[in-house]
Amino acid sequence: MKTRLTLFFDPSTPPMPKEVFLAHYVAMRAFGIRPPLWSFLTLMPVVSLVTALPISVQGLGTTQLAAVYFFAPYAEGTLATREATVLAYSLTTSVLALLFMLGMGLVFLKRGLRLLAGAHPGDVTSPPPARP
C-alpha cells in the first residue's frame, strides 16, 4: 500500500497540480520572488487558467503578463527590476516545461510510431504488419 508521501513523489505518475505548484513555488523562491504561501496558492491557479486560454501560442505572453501582474509586488527592487525578475522566472519555467514535454515526446515516439503502424501496445518484438 502506498503512503501519502510516496503518492506525492511517485515518479511513475504524471505531474499533478501539486507537484507543478511546488515546482513553481520553489522556482519563485530561487528567483527571489517571495509571495506568502496563501497568496501563491490563490494567485497561481489564476495564472494557470490564463495559460490555458487559447489566445496565444503555448500560452506565451499571456502567462508572463499574468505572472508579472500578480507576483511583481513580491519581488525585490524597483518596479522595473521586480517586473524583470518575474518575467525571467516565468519565461524560464515556460522553457523548462516545453523541454520536459519535448523530452517526454521523444521518449514515447518509438511506441507511438509502432501504434500508428498497427502494432499492439504491449507487443514490443513484432515488426509492423506488411502493407500490400
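Tutor: Let's open with a cut-off: two residues are in contact when heavy atoms lie within 4.5 Å. By that rule E76 touches G32, T81 and R82, with residues up to four places away in sequence not counted. The model here is predicted, so local features need pLDDT of at least 70 and side-chain atom pairs pLDDT 80 or more, while totals for chains, interfaces and linings use all residues. Numbering starts from 1 along each chain as its sequence is written, and side-chain values use heavy atoms, leaving out hydrogens and water.

Student: Why is E76 called exposed?

Tutor: Relative accessible area decides it: buried is under 20%, exposed is over 50%, and partly exposed is in between (1.4 Å probe, protein chains only). E76 has 61% relative accessibility, so E76 counts as exposed. You will find E76 in the loop between α4 and α5. In sequence E76 and R34 are 42 residues apart, yet their C-alpha atoms are 8.6 Å apart in space.

Student: What makes H24 buried and R29 partly exposed?

Tutor: H24 has 18% relative accessibility, which means it counts as buried. R29 has a relative accessible area of 35%, so R29 is partly exposed. H24 lies in helix α2, and R29 has its place in α2 too.

Student: Which residues do H24 and R29 touch?

Tutor: Leaving out residues up to four places away in sequence, H24 touches F40, M44, Y89 and T93. With its neighbours within four places set aside, R29 is in contact with R34 and P35. R29 and Y89 are 60 residues apart in sequence and 9.7 Å apart, C-alpha to C-alpha.

Student: How do you know that the chain has six helices?

Tutor: Helices are DSSP runs of H or I, at least four residues long, and strands are runs of E, at least two, numbered from the N terminus. The protein chain holds six helices and zero strands. Of its 132 residues, 23% count as buried.

Student: Why is α2 called roughly perpendicular to α3?

Tutor: Axes are lines fitted to C-alpha atoms, for helices over the stretch in contact, with angles from 0 to 180 degrees between N-to-C directions. The axes of α2 (residues 17-30) and α3 (residues 37-52) come within 11 Å and cross at roughly 115°. That makes α2 roughly perpendicular to α3, a class that covers 65 to 115 degrees, whereas under 35 is roughly parallel, over 145 roughly antiparallel and the rest oblique. At the contact, F21, H24, Y25 and M28 in α2 meet L37, F40, M44, P45 and S48 in α3.

Student: And what makes α4 and α5 oblique?

Tutor: The axes of α4 and α5 (residues 79-107) come within 9 Å and cross at roughly 140°. The two helices are therefore oblique to each other. In α4, T63, Q64, A67, V68 and F71 meet E83, V86, L87, S90, L91 and S94 in α5.

Student: How do you know which helix to trust, in terms of pLDDT?

Tutor: pLDDT is the predictor's confidence in each residue, from 0 to 100. Among the elements, α4 (residues 62-71) has the highest mean, 95, and α1 (residues 4-8) the lowest, 51. Where pLDDT is low, predicted coordinates should not be read in detail. The protein chain averages 83, and 78% of the residues score at least 70.
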